[in-house]
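Dear colleague,

Please find the structure below, followed by some notes on what was found in it.

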Amino acid sequence: MKVVHIMEDYRPTVSGAMVRNSSMLEAYKKRFKQDDVYVVNLEGKKYVGKEVINEITVYREKNIFRQLLRAIRLVNRENADVIQGHNYRFLLIAYLASKLSRRHPKVYVEMHALYHTSSWKAWMGRRLLRKVSGVFVLAECAKKYLLDVYEMDGDKISVIRNGMSSELQEDLKSICPNDEINRWIQDQKQMGRKIIFYSGAFIEWQGVNFLAKNIERINNEVQNISILMIGDGPEFENVSKLAEKQKNVLIHKGIDRGEINIFMDLVDVVIVPREKNLSTDTAVPLKLIEAMQKGKCIVASGDNGIRELLNDSNGLLYSPNIIEELISKIQQAMSRDDLRITLGKKAQDDVDEILTSWDTNSVVVHDAYLKGMRRDG
């Protein structure tokens, strides 16, 4: 089988989506060695145009139009059996590439997140979703939404949560952590402070603005804490400005995921402050899974995606955007060492029981490809 993936970015970019995509594709290639796997993304202005990474052939284009042309040529040259888009925009590219090529491969889509769009985009998205041979989603709540609202055929939908991350098991001794962050953490610990950690995209619905706007109040009401935020995105400058007067806060641009794994081991609480909307209600965030795997105490907003894995027995949940509840949960976490340990251990046990390996996930993907081909002819 030959599979072409259409997406925004891939290695070496550092992002949650990249971790999922590379983990999934590399596990697939390792399990199904006879299959050829290609990626066509939009990073042609950042990296070399073609590269083979762990047996995945990556083509990088500079715009959507060139991405579509590349996909058509690739499908024709390699006689691709499957073309898979990642989210709505790339589903459209995958669908057009299939229709405009000689081969007409089966079209699949992975919905990393569901979100509201303009009326015509929503109409187009629904039509395209009904035409595909299969849909992959990251959470049961996403499947439920597609069944209830889009009235899709449930037989076409496969739930594939993020797998057990091999990157968390890498040899961290070989990684040299960022000096500025490392010194800051050690300084905070020497002052007897406990550290709250956020990592990920600086996007408003991730709750970074809400957290930054309330940092002063949190500091006033919770004693002996420091806040570390690592990531990047459109709200980075705004968040940095909101928190610039707080001496016990460090906000840093995104760094290597291996370094983030090191820092996660050193902090006391991981915070996931997402807002509640369609995107958060239909996706389990990778950062939550990584924190659970690490056995960390987690303070998180209670959207549907988070509640798919986290509950009152393995974390501290508060109502999204309600600062009084957030502060109360932080106070609980910081006042009792035993509570943090108990919650972290339960979270680790639960996620180990719920999640499967990327290898197992790759079998589900392969089976979905075969099922769609048999069903659609």
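Gln 246 sits in the loop that joins α9 (236–243) to β11 (249–253), where helices (H or I, at least four residues) and strands (E, at least two) are DSSP runs numbered from the N terminus. With a relative accessible area of 16%, Gln 246 is buried, a word that here means under 20% relative accessible area, whereas exposed means over 50% and partly exposed in between (1.4 Å probe, protein chains only). Leaving aside residues up to four places away in sequence, Gln 246 touches Ile 215, Glu 216 and Asn 219, a contact being heavy atoms within 4.5 Å.

Please keep in mind that this is a predicted model, in which local features need pLDDT of at least 70 and side-chain atom pairs count only at pLDDT 80 or more, while totals for chains, interfaces and linings use all residues. Residues are numbered from 1 along each chain as its sequence is written, and side-chain values use heavy atoms, with hydrogens and water left out.

A second buried loop residue is Lys 156, with 14% relative accessibility, found between α5 (140–148) and β8 (157–159). Its side chain reaches the backbone oxygen of Val 132 at 2.9 Å, which falls under polar contacts (a pair of N or O atoms within 3.5 Å; within protein, one must be able to donate a hydrogen and the other to accept it, and residues adjacent in sequence count only if both atoms are side-chain atoms).

The same loop, between α5 and β8, also supplies Asp 155. Lys 371 forms a salt bridge with Asp 155, the closest N and O atoms being 3.6 Å apart, where a salt bridge is a side-chain nitrogen of Lys or Arg within 4 Å of a carboxyl oxygen of Asp or Glu. Lys 371 lies in helix α16 (residues 358–376), so that this pair links distant parts of the chain, 216 residues apart. Both residues of this pair are partly exposed, Lys 371 at 31% relative accessibility and Asp 155 at 39%.

Another salt bridge joins Glu 51 and Arg 60 (2.9 Å, N to O), and here Glu 51 is partly exposed, with a relative accessible area of 31%, whereas Arg 60 is buried, at 4%. The structure holds 26 salt bridges, and Lys 2, Arg 77 and Glu 78 are linked in a network of them.

With kind regards
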